[in-house]
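Open the model in a viewer and keep the sequence panel visible. The stops below say what to select and what is there.

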Amino acid sequence: MMAAIGSVLAMPAAGWLISKLGSLSILIGSTLGFCLTLLLIAESNTVLTLSLALLFYGAMGGSMDVAMNTHAVMLEKRYQRHIMSSFHALFSLGGMAGSGLGGWVASHAVLARTHFWFSGIALAAMSILAFRWLPLPSASEDAEKAESGGTITWSVPLGALALLAFSIMLVEGAIADWSAIYLRTSVLTGPGLAALGYAVFSAAMAGGRLTGDYLTGKLGRAHLVCYGALLAAAGLVFVLLFGNAAWALVGFSCAGAGLATIIPNTFAATGNIEGSAPGPSLAVVTTAGYIGFLAGPPLIGFVAQLSTIRSALWILVVLTGLSAFASISMKGTSPLRKML
């Protein structure tokens with residue numbers, strides 16, 4: 001839990017620091033700090049030192065999350081076109097690549113200490129190389145101040161977007177932890193096929209995010225989130241109603257495709273709430289989403305303990321379906337308004 005605690009504590013602080021120092025400074029600092037934490041984890045040889053290293057790891061990761069999304073929102077405004085979903089697609093692809101590389105390293109019996117040192121140094125080198133392209137395109141002084149400064153303005157749209165992020169990331173977290181167990185115990189598949197459930201979900205999510213910017217431009221942010229939530233809910237209904245592996249895999253694919261663009265558009269909409277600074281606003285919504293991601297697996301486990309895992313997973317259908325109505329909070333939050 002130390003990494004999770006670090007993230008939840010650091011996200012609001014990162015939002016405040018971004019409003020004071022700008023997203024670029026926090027992004028560079030937290031990225032280098034994140035690389036350093038891998039070295040600290042590698043050298044931890046007691047429970048206390050490992051716990052402290054993981055606390056710092058979570059804090060740097062949470063700060064990076066808020067800073068990257070804030071920077072992406074500002075870049076989207078400068079470019080005057082939808083690009084947020086593509087950034088999140090690269091996050092999904094990076095996660096898949098990291099899992100594959102980690103599995104390959106583990107299969108070759110590389111020491112964990114060696115693995116973390118190499119990963120930390122390699123990530124630091126790649127990050128430093130990328131820093132040269134991070135500065136935003138030029139904008140007027142007034143536009144710069146409006147984007148990066150100011151304070152948070154509490155409003156109904158901000159609350160609705162925070163609730164949307166909480167619900168959708170709760171669903172994502174629950175699917176990540178429980179899809180294989182559901183297929184193994186309720187659908188009675190083999191272990192290999194059970195693992196395929198989350199694999200097809202992740203692949204569909206990555207594919208959906210790659211096309212998300214185009215679809216956002218065509219349908220509009222609110223409509224795409226509404227349709228995506230309904231598609232995901234329908235997919236989960238397929239998973240739970242039909243007791244065979246084929247339909248379950250189709251359902252998980254639909255769920256991944258439907259959920260794919262919701263979080264990117266939620267973050268983009270948060271950064272465009274009129275009168276509220278992007279950094280602090282994104283800190284609120286990102287923290288709410290991360291809490292949901294952490295709460296999903298134990299919530300499903302608790303309800304499954306009282307009834308069955310199939311019954312527990314119906315919670316995800318309800319949350320996803322209700323999220324379709326929260327999309328109304330995205331109206332009027334397009335980044336394609338001309339800057340003053």
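**Stop 1: a residue in the core**

Select I175. I175 touches Y198, F201, L236, F252, L259 and L316, leaving aside residues up to four places away in sequence; contact here means heavy atoms within 4.5 Å. This is a predicted model, in which local features need pLDDT of at least 70 and side-chain atom pairs count only at pLDDT 80 or more, while totals for chains, interfaces and linings use all residues. Residues are numbered from 1 along each chain as its sequence is written, and side-chain values use heavy atoms, with hydrogens and water left out.

Now add Y182, L259, L313 and L316 to the selection: with I175, they have the most contacts inside the largest nonpolar core, which has 53 residues. A nonpolar core is a set of buried Ala, Val, Leu, Ile, Met, Phe, Trp, Tyr and Cys residues joined through side-chain atoms within 4.5 Å. Buried means under 20% relative accessible area, exposed over 50%, and partly exposed in between (1.4 Å probe, protein chains only).

Which elements give two or more residues to this core? They are helix 3 (47–79), helix 7 (156–185), helix 8 (191–210), helix 10 (221–241), helix 11 (245–259), helix 12 (262–270), helix 13 (278–306) and helix 14 (309–326). Helix 7 gives the most, with 14 residues. Helices (H or I, at least four residues) and strands (E, at least two) are DSSP runs, numbered from the N terminus.

Next, select M11, I26, L27 and A67, which are among the eight residues of another core, lying apart from the largest one.

**Stop 2: a nonpolar patch on the surface**

Show the surface and select F238, L241, F242, W247, V250 and W314. These residues form a nonpolar patch with about 530 Å² of accessible area together. Accessible areas come from the Shrake-Rupley method with a 1.4 Å probe, and for residues only the protein chains shown count as cover. Patches are made of residues with over 30% relative accessible area and no salt bridge (a side-chain nitrogen of Lys or Arg within 4 Å of a carboxyl oxygen of Asp or Glu); nonpolar side chains (Val, Leu, Ile, Met, Phe, Trp, Tyr) are joined within 5 Å, and like charges within 9 Å.

Helix 10 and helix 11 each give two or more residues to the patch. F242 sits in the loop between helix 10 and helix 11. F242 counts as partly exposed because its relative accessible area is 37%.

**Stop 3: A257**

Move to A257, in helix 11. A257 touches A204, M205 and L231, again not counting residues up to four places away in sequence. With a relative accessible area of 34%, A257 is partly exposed. For a distance across the model, select R132 as well: the two C-alpha atoms are 34 Å apart, and the residues are 125 apart in sequence.

**Stop 4: two loop residues with positive phi**

Select Q80, in the loop between helix 3 and helix 4 (84–107). Phi of Q80 is near 60°, a positive value in a residue other than glycine. Q80 is partly exposed, at 22% relative accessibility.

Then select L188, in the loop between helix 7 and helix 8. Its phi is near 65°, also positive. Buried or exposed? At 67% relative accessibility, L188 is exposed.

**Last stop: the whole chain**

Zoom out. The protein has 14 helices and zero strands, and 47% of its 340 residues count as buried. Its C-alpha atoms fill a box of roughly 60 × 50 × 30 Å along the principal axes.
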